[in-house]
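Here are three exercises to work through with the model open beside you. Try each task before you read its solution.

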Amino acid sequence: MGKNKSTNLDPENRRVLERTLQNLSGSLLMPKSLFVFFIILYLVATRIVIYVSSSSGTINIMNNPVPLSVFAGVFSSLANIFVIFLSGAFGKLGYITSLVLLSLNFIGYYQNLFIRRNFASLPGVVGNLLTITAISIIYFYGAKISVYQRKLYDQALIDILTGLPNRFAVSEYLSDVIKKKEKCAVVLINLDNFKDFNEAMGFDIGNRALKEIARRWDNVSEQGRSGTKDFIGRTSGDEFILIIRNFKSENNIYDTIKKYSDALNEKMLIDGYDCFITASFGYSLFPEDSDDRDSMISYAEVALREVKQNPNERHILRFDVGMLKGDRVIKLESTIRSALSNNRIYYSLQPQYDFEHKLRGFEALARMRDDDNRAVSPNEFIPVAESTGLVDTIDLIVFKSAAMFMGEQIKKYDADIILGVNISVRHLMKTNFLEEVKEILQSSQLPPKNLEIEITESIIIDSFENALVTLSELKKMGIRIAIDDFGTGYSSLSYLNNIPANLLKIDKSFIDRMNESESSKQYVEAIISMGHILGLEVISEGVEEKEQLETLLKIGCDYVQGFLWGRPISPKDAEEIIKNM
Ligand code: C2E
Ligand code: MG
Ligand code: MG
């Protein structure tokens, strides 16, 4: 690039950068008004000097007459101090202004001394000369320091290779824009296959290509040539970042980014080699996508990653929340795998009662702890386990261990209670599922009539035909079937009539709303009646309040499961309940 970027930035961008450095170094930027103020003070002080030095009057201080001319020295010193301030605080401008002011003063002194022969001006002349010496030393010494300051400034904010602002400068710049609540787009740019290019052509050509790309982009960004106000920097290796302001619509942003992309299309000849480099762009918008600087950058990064993963589609992409899902799923999947191999998957038991508070049984609910030993909700990890094929293993761990426990309890306390287990339909459809069930029943000694397999309503309907075969087999084995989360799917009566179920589990969302209006209550009442007509028992899930319990009893529900009468507990605590049944 040759030219120093710090002296060549768009004036507005440069101001922001300078302010940034100023803030960082803690030094003060003097307001212009102070400049004028010092000049006024100086002029007033010199006027007073002229007036008092030629005056023969006196003033009375503590009953002593003091000649006014005595104050000439005082005000002359004050004037010099103002001038020293001026050149100390305002650099070159201050220095030159001070020199002019002092020189004008000399004319007055000259006339007094040589024409009027008034030697009272002599201290003034000496003072003036000393002040000129002082401000010159201050100025030239300060100038020397500012050369170092400029160097430090460059090192702190400028990328050495390309001369563009560096990562730090761009993020400070972005903070500033966000602080002012100004709309902006953050664009992360990555050169495509630059690593291969570097390896094939060598680092020297690689570096020269980077400089050339930086030069072209710098050109696009300068003076609003792209149609928007842009600020471009290099963050690392083959990664650049662009902040776009002053756009009217998203189309504007796209057009601007396109200009940066097109700038690479021109022939790039380095050392006789025709280099062709393209780039990918991912961006996020402030304030739509986030109002936090770091999230803005990482969202742009997410969008960029999405572009890189599908290189044949678009090479400019805006961030979308949906893109984060992939990340979360990948993370959760590895957490599940790690939990599976470190025995951090286990189960809780939630009691179910009839309306006389007699224990019906327990539902086994999967539990998982992550690498930091924090509990992760099954609502989070079960869907991921389902989509990644890990749910069978989880189901089986819970099913096997809960069946072993309940088999023992039933024998030990001669208790006729039910164990409910949740089985995902994916798992249910596995060819060896029935074999697995038989094996578990055998090894746990759990009687089939005490086992209840819960299948979620909406999922049975999706794969109705296949599910039906397995469910019928289970029923034949004497195992009970429960339709879980009833009401959340769209099952028609004919479906329901065909499923060989024993129990309907009304979803918590209906129980939550039940006491809010008469119609919600009637809805639950209708579900219960319908269940009864189809020969099913009905249990309400998520019963948390006494009023809900009372209503459910009135409208004929058979069983309850909910925090009001029992939260999910450890097998040890469950044994206490069974023992005292
Ligand atoms: P689900 O089978 O409908 O289980 C009932 C859920 O409601 C449980 O949440 C339970 O803790 C919660 N619950 C019960 N009573 C109340 C209440 O009064 N208030 C509130 N706020 N919640 C209540 P959990 O344990 O988080 O399980 C969530 C879902 O995860 C289960 O819903 C089930 O669909 C699935 N799940 C749990 N364990 C397994 C498993 O071993 N295998 C499979 N495939 N899915 C499982
Ligand atoms: Mg369930
Ligand atoms: Mg449920």
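Two strands count as paired if DSSP finds at least two bridges between them. Helices (H or I, at least four residues) and strands (E, at least two) are DSSP runs, numbered from the N terminus. This is a predicted model, where local features need pLDDT of at least 70, side-chain atom pairs count only at pLDDT 80 or more, and totals for chains, interfaces and linings use all residues. Residues are numbered from 1 along each chain as its sequence is written, chains are lettered from A and ligands numbered from 1 in the order in which they are written, and side-chain values use heavy atoms, with hydrogens and water left out.

**Exercise 1.** Work out the strand order of the open sheet that contains β4, and find its edges.

Step 1. Begin with β4 and β5 (residues 239-245), which pair in the antiparallel sense over seven bridges. Here Asp230 sits opposite Ile244 of β5.

Step 2. Extend the sheet: its five strands follow the order β4-β5-β3-β8-β9, with mixed pairing.

Step 3. Look at the ends. β4 (229-236) and β9 (316-318) each have a single partner strand, so one side of each lacks a neighbour in the sheet.

Step 4. Add the helices, with contact meaning heavy atoms within 4.5 Å. Angles run from 0 to 180 degrees between N-to-C directions, and axes are lines fitted to C-alpha atoms, for helices over the stretch in contact. Helix α8 (residues 203-221) lies across β3, β4, β5 and β8, at about 160 degrees to β4.

**Exercise 2.** Place strand β16 (residues 503-506) between its partners and sort its side chains.

Step 1. On one flank, β15 (residues 480-486) runs parallel to β16 and is joined to it by three bridges; Phe486 has Ile506 as its bridge partner.

Step 2. β17 (residues 537-541) also pairs with β16 in the parallel sense, over four bridges, and Lys505 stands opposite Ile539.

Step 3. Leu503 and Lys505 point one way, Leu504 and Ile506 the other, and all are buried (under 20% relative accessible area, 1.4 Å probe, protein chains only; exposed is over 50%, partly exposed in between).

**Exercise 3.** Which residues coordinate the magnesium ion (ligand 2)?

Step 1. Search for donors, namely N, O and S atoms within 2.8 Å of the metal (3.2 Å for Na, K and Ca); water is not among the atoms, so sites may look incomplete.

Step 2. The search gives Glu363 (OE), Asn422 (OD1), Glu454 (OE) and Asp484 (OD), at 2.0 to 2.2 Å.

Step 3. Asp484 also bridges to the magnesium ion (ligand 3), and the two ions lie 4.2 Å apart.

Step 4. Glu454 lies in β14 (residues 451-456) and Asp484 in β15, so the pair ties together parts 30 residues apart in sequence.
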